Structure formats: C-alpha cells, structure tokens
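I opened the notebook to look up a few things in this model, starting with its enclosed space. Here is what I wrote down as I went.

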Amino acid sequence: MMNRMNPHPLDDVDLPRLGQGFYWQDLQVGQKFRTFQRTVTETDLVQFISVTGMLEAIFIDADYDGAMSGRPVPAALTYSLIEGMLLQSMIQGTGLAMLELVQKILAPVRVGDRIGAVVEVTGIRPTSRHGRAIVDSHIEVYNQRGEHVMHYEAKRMLDRKSTRLNS
C-alpha cells in the first residue's frame with residue numbers, strides 16, 4: 001500500500017516516460033516523422049489471416065495460381081503493422097480514438113518485404129471539451145525498394161498535456 005511519504009517510483013512525474021506519445025500541443029501542421037522499418041514475415045501473415053478469417057486462397061496457398069508473384073499479404077495487415085508502429089511511438093498514452101480513415105492501396109506487399117512510413121501532420125483542431133484535439137495526418141507507406149505501396153489519411157483524437165506531464 002502506498003502513502004504520501006513513500007510514493008510509488010513509477011508515479012514519479014519528474015521522470016520522463018519512455019515511449020510516451022505526443023500530446024496535440026507537441027505537434028504542428030506540416031511536421032513530418034518517419035517510422036522504423038519492419039520486415040513482414042510468414043508468421044505475420046499466418047497469424048493475421050487466422051485471427052481475422054481472411055483465409056482467401058491467395059493468402060493461404062503458396063502455389064496459388066493468381067495474378068501476383070510471391071506471397072502477397074492483405075493490405076489490412078500492412079496497415080495494421082504501420083499503425084502498430086505509430087501506436088508504440090507517436091500516440092502511446094496520448095491517443096484517445098481513431099475517428100476516420102481513408103486508405104488507398106497502390107501496390108502489393110509480400111512476405112519478406114520491409115515496410116515503413118512517413119507521417120505528416122495535416123491538421124490540428126482543438127475540441128471544445130476537455131482540451132483534446134482532432135489531429136489529421138497523411139501516412140505514406142513504402143517498401144524496401146522505395147516503392148509507394150499505400151497511403152492513408154487518419155483523423156484521431158489526441159489528449160492534452162495535463163498538469164501532471166508524465167502521468
């Protein structure tokens with residue numbers, strides 16, 4: 001049990017929190033970021049199609065005689081991997097809701113491809129309640145050859161900075 005004389009070390013607001021995302025006040029329109037890159041693995045594909053039920057022949061049969069060569073992955077997997085990178089970095093602890101998403105798939109991603117993204121903040125609108133803001137961003141996804149494979153517009157609600165900066 002904690003008391004005021006011995007506060008819990010993990011509640012120390014004077015220590016910066018590793019992995020803390022951006023509050024909307026930390027961002028500005030036109031600001032750009034790049035994610036790490038990540039290789040899409042066979043395990044990623046198998047687990048994703050299993051959990052989502054996307055058991056389409058093109059994804060489950062390595063010898064499927066389709067129009068694409070290699071092992072294509074669902075575009076939803078590509079999007080999810082990029083969002084995972086953003087959640088773990090840019091909006092960890094500050095993102096409150098994904099409000100809208102408009103996506104365009106430009107080229108296939110295959111098992112073994114390495115993907116990453118460039119994120120640009122395109123709008124910030126403070127809300128009238130609770131000091132939150134709607135933050136718009138444009139996300140460009142590329143593979144290891146620099147080919148543009150996807151882009152999407154995201155509208156998210158982000159939290160405000162509080163008086164307890166690292167809580």
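**Entry 1, the cavity lining.** I looked up the lining of the largest cavity by class and found five nonpolar residues, one polar and one charged. By name, the residues lining the largest cavity are L27, M90, I91, V135, S137, R156 and L158. I also checked which elements they come from: β5 (133-142) and β6 (148-158) each supply at least two residues of this lining. For the volume of the largest cavity I noted about 50 Å³. I then asked myself how many cavities of 30 Å³ or more there are. The count comes to one.

**Entry 2, confidence.** A reminder to myself: this is a predicted model, so I looked up its pLDDT before going on. The mean for the protein chain is 90, and 92% of its residues reach 70 or more. Where is confidence lowest in the protein chain, and where is it highest? Helix α2 (residues 57-60) is at the low end with a mean of 88, while β6 is at the top with 98. I keep one general caution in the margin: coordinates predicted with low pLDDT should not be read in detail.

**Entry 3, the largest pocket.** Next I turned to open space. The largest pocket holds about 180 Å³. I listed its lining as F22, F33, R34, T35, F36, M85, L86, S89, M90 and V119. Sorted by class, that lining has seven nonpolar residues, two polar and one charged. Both β1 (32-34) and α3 (75-87) supply at least two of the lining residues. I was pleased to meet M90 again here: M90 lines the largest pocket and also the largest cavity.

**Entry 4, helix α1.** I wanted to know which residues of helix α1 (residues 42-52) are buried. They are D44, L45, F48 and I49. Viewed down the axis of α1, these buried residues fall within an arc of 110 degrees, so they line one face of the helix. I then looked at the other side of α1, where Q47 and V51 are exposed. What do the buried residues of α1 pack against? I found β2 (38-39), α2 and α3 as their partners. So α3 turns up twice in my notes, packed against by the buried residues of α1 and supplying at least two residues to the lining of the largest pocket. Last, I looked just past the helix: G53 follows α1, and its phi is positive, near 80 degrees.

Conventions:
Residues are numbered from 1 along each chain as its sequence is written. This is a predicted model: local features need pLDDT of at least 70, side-chain atom pairs count only at pLDDT 80 or more; totals for chains, interfaces and linings use all residues. Side-chain values use heavy atoms; hydrogens and water are left out. On a 1 Å grid over the protein atoms alone, a cavity is a set of points where a 1.4 Å probe fits but cannot get out, and a pocket is an open set with protein on both sides within 12 Å along at least five of seven lines; lining residues have an atom within 4 Å of a point. Grid points are joined across faces, edges and corners, and a volume is the space filled by probe spheres set on the points. Ala, Val, Leu, Ile, Met, Phe, Trp, Tyr, Cys and Pro count as nonpolar, Asp, Glu, Lys and Arg as charged, and the others, Gly among them, as polar. pLDDT is the predictor's confidence in each residue, from 0 to 100. Buried means under 20% relative accessible area, exposed over 50%, partly exposed in between (1.4 Å probe, protein chains only). The arc is that of the directions from the helix axis to the C-beta atoms. Contact means heavy atoms within 4.5 Å.
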